[in-house]
Amino acid sequence: MPSIDNFVTNKMDELKKSSLLRTLQTTFRTDNVYIERNGTRLISFSCNDYLGLSQNSEVKKSSIEAIEKYGSGSGASRLITGNNPLYDEVEKKLATLKSTEDAIVFGSGYLTNIGVIPALAGKDDLIIADKLIHACLIDGIKLSGAKFFRFNHNSIEKCEELLKKHRNNHKNCLIITDGIFSMDGDAAPIDDLYNLAEKYDAWLMTDDAHGLGVLNNGIGSSPNKKPHIQMGTLSKAVGVYGGYVCTSQKVADYLRNSARSFIYSTALPPAVLAAAAKALDIIANDSELIEKPLNNARLFTKLLGLPTAQSSIVPIIIGDEDKAIEASRQLEQDGFLVSAIRPPTVPKGTARLRFTFSALHKAKDIEKLAEAIKKHGLI
Ligand SMILES: *Cc1c(COP(=O)(O)O)cnc(C)c1O
């Protein structure tokens, strides 16, 4: 066997043994909140398309028109010839929604984080982050080469301890948190973190992938204080693809000149930008739609006696990886798609079912789901 095959076979065996092997499954997202897998139709509680905008007819129409007008691909990176006029439109809408001076659209949320963090922090600098931040923030931090410490989840005290101990030994300091934590659904204490950033001359960066379009009339998870860097994605509530940063004019101009994932990656296809622009219009204007995902998540937590949902994400912690997979299978037999989330996405011993709620779920769907969870004794 060639040594590369030997290497990967051993790696795969290890994953299998610890119930951590992942496999792709062909999935048809057809209409509304339904998906089809292996010929079976399931109601999905695992999509991040919180407002159903990926299926919205106006959004789809905007994409089609953009393809007709500009073609399928963008041709080059933004700094060469890929800077389609739709970029300007999307960035203005984002800056308006978040009340920031400027916004920059990147290829994806992942590309945003691995570009922005190394542009702002290097080996002489300090990064302090919540223990549960998203994996792509960690990748951005690793790329930056900055000294990195983590504080206990949502603990302002622990964050301040780290600042007290380490801030003075470094040039610049970046504090990083998710606005809404992607696997737990809880909110970060952004205003308190902002105050700490001010006190210790640090900059606050938030990842609001799950807040935009869902919380605070669509603005996202930080309606009061304005973190210095607010990043997010166009792939969740916005229903399309792409990442963004909302920030000051000066920081934005600098990032356009220094974030490597912005400079050295091809611009988004025009169809994606046109769809995002339309979806952002809907988010800015349809306050009734925006309220629905959170209300649906709260109906679910109420039915099961769980703590009130703070976002459209609700986890039920199972613990053991095999049991989490089995729980997901049981719900699938009842017609629900609910993904089991395992390490390393979540800490060891906290494998879970992760439920996401959409504006398009009906109360009766959520009631049936809650019944199934009780029936299987998952709570
Ligand atoms: C999904 C997600 C990202 C990555 O965004 P993509 O646009 O999918 O690359 C970043 N941060 C968080 C918290 C996310 O949930």
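Start with the residues around the largest cavity in this predicted model: by class, its lining has five nonpolar, eight polar and two charged residues. There are 15 lining residues in total.

To find the spot in your viewer, select Arg29, Asn32, Val33, Ser44 and Cys47, since these are the lining residues that lie nearest the centre of the largest cavity. Show their side chains and look at the gap between them. How much space lies in the largest cavity? About 100 Å³.

Next stop: the other hole. With 30 Å³ or more as the cut-off, the count comes to two cavities, and the second largest has a volume of about 70 Å³. Clear your selection and pick Arg78, Tyr87, Val105, Phe106, Gly107, Leu111, Ser261, Phe262, Ser265, Thr266 and Ala267, which line the second largest cavity. Which elements give two or more residues to this lining? They are strand 4 (102-106) and helix 10 (260-263), so try colouring those two stretches to see them against the rest.

Now colour the lining of the second largest cavity by class. You'll get six nonpolar, four polar and one charged residues.

Last stop: leave the cavities and go to the surface. Select helix 1, residues 3-17, and look for Phe7, which has its place there. Then add Ile4 and Val8 to your selection: together with Phe7 they form a nonpolar patch on the surface. Switch on a surface view to see the three of them side by side in colour. How much accessible area do Ile4, Phe7 and Val8 have together? About 300 Å².

How values were computed
Residues are numbered from 1 along each chain as its sequence is written. This is a predicted model: local features need pLDDT of at least 70, side-chain atom pairs count only at pLDDT 80 or more; totals for chains, interfaces and linings use all residues. Side-chain values use heavy atoms; hydrogens and water are left out. Patches are made of residues with over 30% relative accessible area and no salt bridge: like charges are joined within 9 Å, nonpolar side chains (Val, Leu, Ile, Met, Phe, Trp, Tyr) within 5 Å. Accessible areas come from the Shrake-Rupley method with a 1.4 Å probe; for residues, only the protein chains shown count as cover. A salt bridge is a side-chain nitrogen of Lys or Arg within 4 Å of a carboxyl oxygen of Asp or Glu. Helices (H or I, at least four residues) and strands (E, at least two) are DSSP runs, numbered from the N terminus. On a 1 Å grid over the protein atoms alone, a cavity is a set of points where a 1.4 Å probe fits but cannot get out, and a pocket is an open set with protein on both sides within 12 Å along at least five of seven lines; lining residues have an atom within 4 Å of a point. Grid points are joined across faces, edges and corners, and a volume is the space filled by probe spheres set on the points. Ala, Val, Leu, Ile, Met, Phe, Trp, Tyr, Cys and Pro count as nonpolar, Asp, Glu, Lys and Arg as charged, and the others, Gly among them, as polar.
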